[in-house]
Amino acid sequence: MSRPKIRWSKLYSFSCIPLRRAPRHAQVGQRGYSRVVHCNEPDNPEALQSNYRGNYVSTTKYTATNFIPKSLFEQFRRVANIYFLVVACVSFSPLAPYTALSVLAPLVVVIGATMAKEAVEDWRRRKQDIEANNRKAEVYGKDHNFHETRWKNLRVGDLIRVHKDEYFPADIFLISSSYEDGICYVETMNLDGETNLKLKQSLEVTSSICDEVSLEDFKAIIRCEDPNENLYSFVGNLQYSGKEYPLSLKQILLRDSKLKNTDYVHGVVVFTGHDTKVMKNATDPPSKRSKIERRMDRVIYVLFSTLITISFVGSFFFGTQTGRDLSDGKYRRWYICPSDTTVFFDPRRASLAALFHFLTGLMLYGYLIPISLYVSIEFVKVLQSIFINQDLDMYHDETDRPARARTSNLNEELGQIDTILSDKTGTLTCNSMEFIKCSIAGVAYGRGETEVERAVAGRHKDSDVESFEIYTDASGQGQVVDTHSYTRHVKGFNFEDERIMHGQWVNEPNHGIIQKFFQVLAICHTVIPEVNNQTGEIYYEAESPDEAAFVVAARELGFEFFERKQMSLSMREIDFEKGTKVDRNYELLHILEFSSTRKRMSVIVKSEEGRLLLLSKGADSVMLERLSKDGRSFLSDTRSHINKYSEAGLRTLVIAYRDLGEDEYRIWEDEFVNAKASISAERDALIDSAAEKIEKDLNLLGATAVEDKLQKGVPECIEKLEGAGIKIWVLTGDKMETAVNIGYACKLLRQGMKLIVITLDALDENHEKDMDKEAVVKVSSEAVRNQIQNGISQILSSKETAASFGLIIDGKSLNFALKKELEDSFLDLATRCASVICCRSSPKQKALVTRLVKVKTGKTTLSIGDGANDVSMLQEADVGIGISGVEGMQAVMASDFAIAQFQFLQRLLLVHGHWCYRRIAMMICYFFYKNITFGFTLFWFEAYASFSGQPAYNDWYMSFYNVFFTSLPVIALGVFDQDVSARLCLKNPLLYQEGMQNVLFNWPRILGWMCNGVGSSVIIFFCTTNAIIGQAFRGDGQVADYGILGVTMYTCVVWTVNCQMALSINYFTWIQHVFIWGSIAFWYLFLVVYGFLTPTLSTTAYMVLVEACAPSFLYWLSTLLVVVSSLLPYFSYRAFQTWFKPMPHDIIQRRRKWLEISENKSVNKNEKEDSGELPARVKNKLKHLEENLRHTRS
Amino acid sequence: MSSTTAPSSSVAAGSADASGARRNSKRPKYSRFTQQELPACKPILTPGWVISAFILVSIVFIPIGVAALFASRDVVEIVKRYDTDCIPLSERNDKVKYIQSPGNKTCTRNITVTKHMKKPIYVYYQLDNFYQNHRRYVKSRNDAQLRSNGSSDDVSGCSPEDYSNGLVIVPCGLIAWSLFNDTYNFSRNNQQLSVNKRGISWKSDREHKFGKNVYPRNFQNGTLIGGAHLDDSIPLSDQEDLIVWMRTAALPTFRKLYGKIEQDLQENDVIEVTLENNYNTYSFNGKKKLVLSTTSWLGGKNDFLGIAYLTVGGFCLFLAMAFTLVYLVKPRQLGDPSYLSWNRTPGCH
């Protein structure tokens, strides 16, 4: 295999991953650093002894053998299920008030269904594992050749070869690559979400070992750290040919990252399977439960205690009454034959009988705890998820991606979100940089309009917010060109200005400078061009999308960079005067790399004419002060342009150049090369200071503006969400300036908002160098504390509403702010601010911030992100939303919901979230209501049956209660109910407050529904008994017996709970009608059919409707009476409430008709309301409403 | 070489067959159902609706209440408690001993008819504090045995009244065993008033629950005698007292039909009742009452339904008026445009 003679490493004069001072190599071999890898001899007896795990990976929760016990165990962690199990066991004893089958069947169904679900999910995971384990890898065999094998067969110490665009099967020590100097590029998207390429480089001593023959002799020992989850460090050394070489992360290729731009690499497997860093990082996806469900558990506890209480009361009275059956040696109630009885009714052992009766009671009143609730909720949630998946308004045409609810557990949680923690790149923005404007020689070019400008323009039109001038055109023509009319879209390029495009720049007065400007753009970078052999098109592999945008822009304007050789760059310039293409070669002398402290990069090149040039680009803060006296002729213009650009949310860079004198360069080069060759700890600092010496006296050319394009509809969406009262935090890895700009762009920050900035940048430069680590920590921590305190006092003293503050904090400060002693005050500050932006934050910090908000405020958090670096955040938050965008599927796989665009979030939350929350909350409340109504009628009856445990109803009425007579309407409620339409939900984001403040599922409401249930049961029982028992039941003198009372009461219960449903829902489609009235009709049908069965089966129900009840007026009249009077309390309450204390949805419902009319009107003529100014009265009303909500909540 | 081979190839495939891609599109299909846009009626509790609902209820309920009350008032009902009175004064210290001792327990009571009673006049006995709905009691029967001769050996669930002297009891169980055995004879002006005891039970019970070829066997032969004896020659389907008794009552106070007097009784008629006071309710302090009652279309005498209807109707009327009053005094601006503007935040379309 031939190896290209390029030493790419030369490109990177600065190390990508700087060597840390005093590495911990001394620790190698000690505790925690005990791993020993025998390279290329996995069969070495010593290696076998250490017995490291294989490369087989399993992420499943269950195995075939432990599935049954483990999943059963999981199931019975639910309290309710344990209760049902106990009940089912007891139901086989004579204690049972009814047949065992009717208890056992629902339990089996419930458990079975959930277990089946688990099994299917696990099977899917297993299939993924199998796929991963069986991928092909090339391993170096004993016969000194590479053989194909499967990933799972790899062992520690195996020597393998990985080809271009393949994933690394394990954590690998890099020996050599297809490049001579042993470098290779990897893409670590699956690890940290970054799409740019990272450079890895082998040790010099091994970089030449690259063919089968030389590999044969490669025998070495790696001693290194034990498996751990730290992606960014590696400690170890290599013992090779008698010497020890320290290893760093630079030589380690991590599993699940991908080899790019390199034909092949050779490496030794160091960590396998579950020992790899990526697997160590993979935590089990936490199973999330919604707040409602958790509260439901507590409600179940309440019901459970009610159940125990009434069972206890029942058994107490039963015990005393049974005991009294034997008084003074005489049996009182002789007709139940207490003298000859089983222990359950034995008056001589009354307390024992009472104890047993307690169990009977638990079973009898078991209806209080609705087992079918769990099934119904699961079912309803699945249907709700289908609605989410099917929503056309959340389908993204361009990527062909519908929204996807990956779990159905959290639908209602979407309606209660208090804080959104959002990633920036790829979530708020498209993660594509577009060259949109530039300022050259003090003239601004580029007519494109940014999202921010559009937003500002829109705001300027309809509000009185202090406006700021929008830059459109320097020449003052003010003509705005619609960017969408641009026909051929090039990725990274959105520039339009006829003055300099298509070669027109030659006609500009400063065409010389313009030419230089684009030459700098085409040369000053580290981009690698790749020519597609078939089409001749050039792709650029860039470390950052910004750089790619520059190179693309230069190309589009006629300066095409097409080749990079080791020591030279070639670009093709179109000479528009002659109309020919001219190739220019530049000899690349040095690259002074970009770093976050330098904030600039430069190249030193020698042109064909022999001129030495320093071409430089960088942030205005560092560049403008380095200009020469002569080079700042259009400084003020450029500066004002830069300011306007950054106000418009663009990322700006200053472009400058300098002619170097031969002598000056010589002297400097010596120093620079010396600095590079030094191996002391200060190497980086030396290089920096050397670079600084030449980067001065620059001549300003101009500035570029690149747009990190916002996704469509993001500002509107954020505005909507803020209108709903949701707080939005942005957590980004970006620079502070960029983050702030984007903050403005997406309306997270507004003009006039005061920004509180917490940063340690100032501290860094002054102190870090001359202080030891602990002192730095102390000083930094102190600084952060002070800044936080200042911020708080600033807010407190301003006496303004919190809405006018924005908090910006950088990653370093965040580290300290998240420490135990500071987190409370940090959170205090953050919650006082309207928006929070955390920049330069690591994935871990994102997760920590999420946890902080989640745990400390107790509110519901939602995280949204698109990259693998957001995974931990997504898993930490109550709800994780993945953007199924360009950056792989890692985030989506870890998310609970996946949407294609950030803007869909508003529909997901405000419409689906709101609905699902309402539905589930109402459904659960109603479920409790209907079962309490039913359960308590049993209890009242017991009170009149000396608590003997005789149910008031026939066994089968009871078994069917939750199945046939009441289940479908409540499912329809959970699936279909809408308080207001989707359009109105979006129009009135305030409605979302209902979920945030949990007004539909707070304790007063739950208890209210329960009381309603108890009340209904009282009315049903006492009215029915008083009306029909005692006197003749019909004109023919017959009286009502036990069977007739049961039927009458049951009829009332079925009618009441179904009509209650009809009263409480807001949305009647034919489905609701069919279900509600159908359930009632079915009850009668059931009675008729059941009544025709042979009396041994139907017992008390035999012919009861046809013969006994239906001909009786009393039966029908008491049904009517009972149903109306048991609904009356709720109806009156609702009438009063909507009248005097309406909830938000009541108001909107009431205004609905009016809204629809006015909407049509306002289309025709612009009415006063369109001004956006709220009348004072309405503001008051709104405020009042919010207070009410808050009040109800507290 | 492009590093993004996979996506570019998929793009190529997509563009090559655009229609195919369309077909495979993941775009959800539109239907009013999946988009949750089904035509629906969305009732709102507007004042108009609330008031009309209340008025409707009161309009329906008050007449029903009045009618029910009238029906109940039409019914003439005479209740005579006799459990204490029918025990000789000397025995009243220990009523249980009296009732359990053998001997004639005949007792005569006079009833004065307060109002004209039209035939048929229903005769009920009413027991009090008698838990016919006790779980042990309710379950202590065997429907199969009652129904057919073939399963007369089936006495499951009847314990302890299942076997007597080793032989199966038919009808088995505590219910049958504790059959009520007081008897009443009525005479007016020394003239016997016949009591029709046929047709006092449910027809379905006679025809389907109690077999025509099932005869009492070995009944009340044990050491403990519960209640009435049965004539072994009459099939269960004709033992109407038993059938009535075995329809267990729902509550501890209950009436059961004893018979029908198919003659009118005039006001101030004095009816002499000769009753045999056999049934033991004394050990559990139960009252025994004899009830003579006519019926209306609604059944027996019970004011509860009428009063309840009137109450609910009146309450609704009151609420309707209250709401109307509030509505007139402080009308709500239903169509107030100002309520709307906060709904229209600028810039959302």
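Which residue takes a positive phi just after helix 18 of chain A? Keep that one in mind, everyone, and I'll come back to it in a moment. Before anything else, please remember that this is a predicted model.

So, to the answer. The residue is G725(A), and its phi is about 90°. The helix just before G725(A) is helix 18 of chain A, which covers residues 714-723. Of its 10 residues, 7 are buried, so this helix is largely enclosed by the rest of the structure. If you want to find them on the screen, the buried ones are V714(A), P715(A), C717(A), I718(A), K720(A), L721(A) and E722(A). Notice that K720(A) and E722(A) are on that list of buried residues.

Let's stay with charged residues and talk about salt bridges. Here is the general idea: side chains of opposite charge can pair when their charged atoms come close. Over all chains, the count comes to 59 salt bridges. I'll walk you through a few in chain A.

Start with R161(A), which forms a salt bridge with E138(A), with 3.3 Å between the closest N and O atoms. R161(A) sits in strand 4 (residues 159-163) of chain A and E138(A) in strand 2 (residues 136-140) of chain A, so the pair ties together parts that are 23 residues apart in sequence. R161(A) is also buried, at a relative accessible area of 9%.

Next, have a look at R289(A) and E293(A). Their salt bridge has its closest N and O atoms 3.6 Å apart. How exposed are the two partners? R289(A) is partly exposed, with a relative accessible area of 30%, while E293(A) is buried, at 8%. This pair also belongs to a wider group: salt bridges with shared partners join R289(A), E293(A), D297(A), K381(A) and E412(A) into one network.

One more pair in chain A, and then we move on. D325(A) and R333(A) meet through their side chains in a salt bridge, at 2.9 Å from N to O. Are these two buried or exposed? Both D325(A) and R333(A) are buried.

Now a quick stop at a nonpolar side chain. L104(A) is found in helix 4 (residues 100-133) of chain A. It counts as partly exposed, because its relative accessibility is 28%. Setting aside neighbours within four places in sequence, L104(A) is in contact with A88(A) and F92(A). As for A88(A), it is 16 residues from L104(A) in sequence, and the two C-alpha atoms are 5.3 Å apart in space.

Let's turn to chain B. It has 349 residues, and 50% of them count as buried. You'll find 11 helices and 11 strands in chain B. Among its contacts between residues at least 6 apart in sequence, 80% join residues at least 24 apart.

There is a record to mention here too. An unreviewed UniProt entry places the feature "transmembrane region" at residues 49-71 and 307-329 of chain B. What does the model show in those spans? Residues 49-71 of chain B are 100% helix and 0% strand, with the end C-alpha atoms 33 Å apart. Residues 307-329 of chain B are likewise 100% helix and 0% strand, and there the end C-alpha atoms lie 32 Å apart.

That brings us to how the two chains meet. How many residues does each chain put into the contact? Chain B gives 112 residues and chain A gives 131 residues. The buried area between them is about 10900 Å², and carbon and sulfur atoms give 62% of that.

On the polar side, there are 33 residue pairs in polar contact between chain B and chain A, both residues being at pLDDT 80 or more. Helix 10 (residues 304-329) of chain B gives the most to the side of chain B that touches chain A, with 11 residues. That side of chain B divides into 59 nonpolar, 32 polar and 21 charged residues.

Salt bridges turn up across the interface as well: the rule finds 2 of them. One is between the side chains of R247(B) and D1041(A), at 3.3 Å from N to O.

Last residue, I promise: R1134(A), in helix 37 (residues 1113-1140) of chain A. With a relative accessible area of 12%, R1134(A) is buried. Beyond its neighbours within four places in sequence, R1134(A) is in contact with H1145(A), D1146(A) and, from the other chain, L45(B). Thanks, everyone, and I'm happy to take questions.

How values were computed
Residues are numbered from 1 along each chain as its sequence is written. Chains are lettered from A and ligands numbered from 1 in the order in which they are written. This is a predicted model: local features need pLDDT of at least 70, side-chain atom pairs count only at pLDDT 80 or more; totals for chains, interfaces and linings use all residues. Side-chain values use heavy atoms; hydrogens and water are left out. Contact means heavy atoms within 4.5 Å. Buried area is the accessible area (1.4 Å probe) that two parts lose on being put together, summed over both. A salt bridge is a side-chain nitrogen of Lys or Arg within 4 Å of a carboxyl oxygen of Asp or Glu. A polar contact is a pair of N or O atoms within 3.5 Å; within protein, one must be able to donate a hydrogen and the other to accept it, and residues adjacent in sequence count only if both atoms are side-chain atoms. Helices (H or I, at least four residues) and strands (E, at least two) are DSSP runs, numbered from the N terminus. Ala, Val, Leu, Ile, Met, Phe, Trp, Tyr, Cys and Pro count as nonpolar, Asp, Glu, Lys and Arg as charged, and the others, Gly among them, as polar. UniProt positions are given in the numbering used here, feature names are shortened, and annotations may be inferred rather than shown by experiment. Buried means under 20% relative accessible area, exposed over 50%, partly exposed in between (1.4 Å probe, protein chains only).
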